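Please consider the structure shown here. A short series of questions and answers will introduce it.

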Amino acid sequence: MNDFDCVIHGAEVFVGQSLARCDVGVRNGKVAALAERIDGGHSRFDGSGKWLLPGGVDAHCHIDQPPNPGSAARGAQMADDFESGSRSAAFGGTTTLIAFAPQFKGQSLRDALQVYHARATGRSFIDYGFHMIVSDPTDDVLQHEIPALVEEGYTSIKIYLTYEALRLSDRQVLEVLDASNGCGMLTMVHAENLDCILWLTDRLERQGKTAPRYHAESRPMLVEREATFRAVALAELVGAPILIVHVSGREAIDVIAEARARGLPIVAETCPQYLFLSSDDLHTEDGAKCMCSPPPRAKENAPFVWRGLQSGALSLVSSDHAPYRFDESGKLKYGPRASFRFIANGIPGLETRMPLLFSEGVMAGRLSLAEFVELCCTAPARIYGLLPHKGQIAVGADADFALWDPTRKTVINNALLHHNVDYTPYAGMQVTGWPTQVWVRGELVCNDGVLKGALGHGQFLRRGKHGVPMRANA
Ligand code: URP
Ligand code: ZN
Ligand code: ZN
């Protein structure tokens, strides 16, 4: 008796590639047994009628990021810190997040990391890691810091081809890719062409076109397609793997699919905003609420993103949670009539990522349950060096689970969510299926809408080397 700390019984459990009726025994934060019937347990939880899925891994979120001194929207404050961000993630079925730690020019990566550890330590309900944003690839960064960080469990970095304060030249991209490739660091690329965006923005402003909807016109698909093509070409030249983040539509997906068909180690991520929002959402009075980069595309685009997920051209779905309130602290920092240039980019999405994809993917028949788990849990864990501990339910893995009620109908509204943002772009959407209980390393964090977890239970994750195969589709 009481051999297990916790037993979840009666649920359909996602093991291997499908649901199976079995009980789950948890000991010391790990899955200790999977069996048809497990008796005992210090605590027992009845999961009858529900699906026990691996906890989600959200590998792209911006939390408590300091305002970028070089950005046009400088001064806008992110609404979520690690407490509210991780709480919100947990209520949406996510048990691991990987946030960004940005390096500002003149700063070492190590200093940037320290700032982030100070913000996260003792302040997260779920486990977390960091990707560094490299904006100043000095010799020291390339030769010493990147290899040292890999050894310490920081195995991915993000670089930008846009934003004036962050953009790297092609030469710098080559140098970063070369340094990263040599030591097993995975480079994530934000692929949009800065000069095209600035030229288009100046032209739109001269024409008096400054409303949020012109944000989409300032960075059309071509601008993303060109930068995606260039990122692929630079990676091919070096022979390095890359991960293209927040891919928004057909033209970039075509570039990625072509590169993968040639066997290049290119993987790509998309986000719910490219499936569920469109450029029409920028046309409203409060269009700033849906402003992110790349922007939501024309309505006709979403089926191509679904197809990219089905075909494997897109390997994972992350939120790109970038939380700004719709007030003067965030989106409206420069007033309600400010040009789109001065409106902070980004939308909240940590909590809605999995319910949206579950409902419109699995329940609507666009994705199998196995594909959903792969895209939201297992692939991000594999790619970012977290397997076998995260992203799957298996004996020996961390006991990170979300128990889903697959029939629950929910109309999304902001009052339901647990972030610190005052809106959700998905308000009014009805979804089928929602996680009702969530465990992180065996600790019940959310129970039927009630927070049970302890702040500080979330631990920093030292990650292994990335899992991008050196030949696509290998
Ligand atoms: O608009 C977005 N995506 N803001 C967050 C920053 C980024 O580039 O991902
Ligand atoms: Zn980005
Ligand atoms: Zn982002």
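The exchange below concerns a predicted model and proceeds from the overall fold to the metal sites.

Me: How many helices and strands does the protein have?
Reply: In this predicted model, secondary structure is assigned as helices and strands along the chain. The count is 12 helices and 19 strands.

Me: What radius of gyration does the protein have, and what would a compact globule have?
Reply: The C-alpha trace spans about 70 × 50 × 40 Å along its principal axes. For 474 residues, a compact globule would have a radius of gyration near 23 Å, and the protein agrees with this, having 21 Å.

Me: What percentage of the contacts with a separation of 6 or more joins residues 24 or more positions apart?
Reply: Of the 474 residues, 60% count as buried. The protein exposes about 17000 Å², of which carbon and sulfur atoms supply 49%. Among contacts with a separation of 6 or more, the share from residues 24 or more positions apart is 77%.

Me: Which residue in β5 is the bridge partner of D23?
Reply: Strand β4 (residues 23-27) and strand β5 (residues 30-35) run antiparallel and are joined by five bridges. The two strands form a hairpin with two residues between them, and N28 in the turn has a positive phi of about 50°. The partner of D23 in β5 is A35.

Me: Which residues coordinate the zinc ion (ligand 3), and what is the geometry of its site?
Reply: The coordinating residues are H60 (NE2), H62 (NE2) and D320 (OD), at 2.0 to 2.1 Å. The angles among the four donor atoms of this zinc ion are 88 to 131°, and its site is tetrahedral.

Me: Why does the pair H60 and D320 tie together parts that are far apart in sequence?
Reply: The donors of the zinc ion (ligand 3) follow the spacing H-x1-H-x257-D. H60 lies in strand β8 (residues 56-61), whereas D320 lies in the loop between β15 (316-317) and α11 (353-363), so the pair ties together parts 260 residues apart in sequence.

Me: Are K158 and H246 buried or exposed?
Reply: K158 (NZ), H190 (ND1) and H246 (NE2) are the protein donors of the zinc ion (ligand 2), lying 2.1 to 2.2 Å from it. K158 lies in strand β11 (residues 156-160) and H246 in the loop between β13 (242-244) and α8 (250-261), so the pair ties together parts that are 88 residues apart in sequence. Both K158 and H246 are buried.

Me: What distance separates the zinc ion (ligand 2) from the zinc ion (ligand 3)?
Reply: The zinc ion (ligand 2) has donor residues spaced K-x31-H-x55-H in sequence. Its separation from the zinc ion (ligand 3) is 3.7 Å.

Key
Residues are numbered from 1 along each chain as its sequence is written. Chains are lettered from A and ligands numbered from 1 in the order in which they are written. This is a predicted model: local features need pLDDT of at least 70, side-chain atom pairs count only at pLDDT 80 or more; totals for chains, interfaces and linings use all residues. Side-chain values use heavy atoms; hydrogens and water are left out. Donors are N, O and S atoms within 2.8 Å of the metal (3.2 Å for Na, K and Ca); water is not among the atoms, so sites may look incomplete. Four donors count as tetrahedral if all angles lie between 85 and 135 degrees; four count as square planar and six as octahedral if opposite donors are over 155 degrees apart and all others between 65 and 115; anything else is irregular. Helices (H or I, at least four residues) and strands (E, at least two) are DSSP runs, numbered from the N terminus. Two strands pair if DSSP finds at least two bridges between them. The radius of gyration is taken over C-alpha atoms; the globule rule is 2.2 Å times the number of residues to the power 0.38. Buried means under 20% relative accessible area, exposed over 50%, partly exposed in between (1.4 Å probe, protein chains only). Contact means heavy atoms within 4.5 Å. Accessible areas come from the Shrake-Rupley method with a 1.4 Å probe; for residues, only the protein chains shown count as cover.
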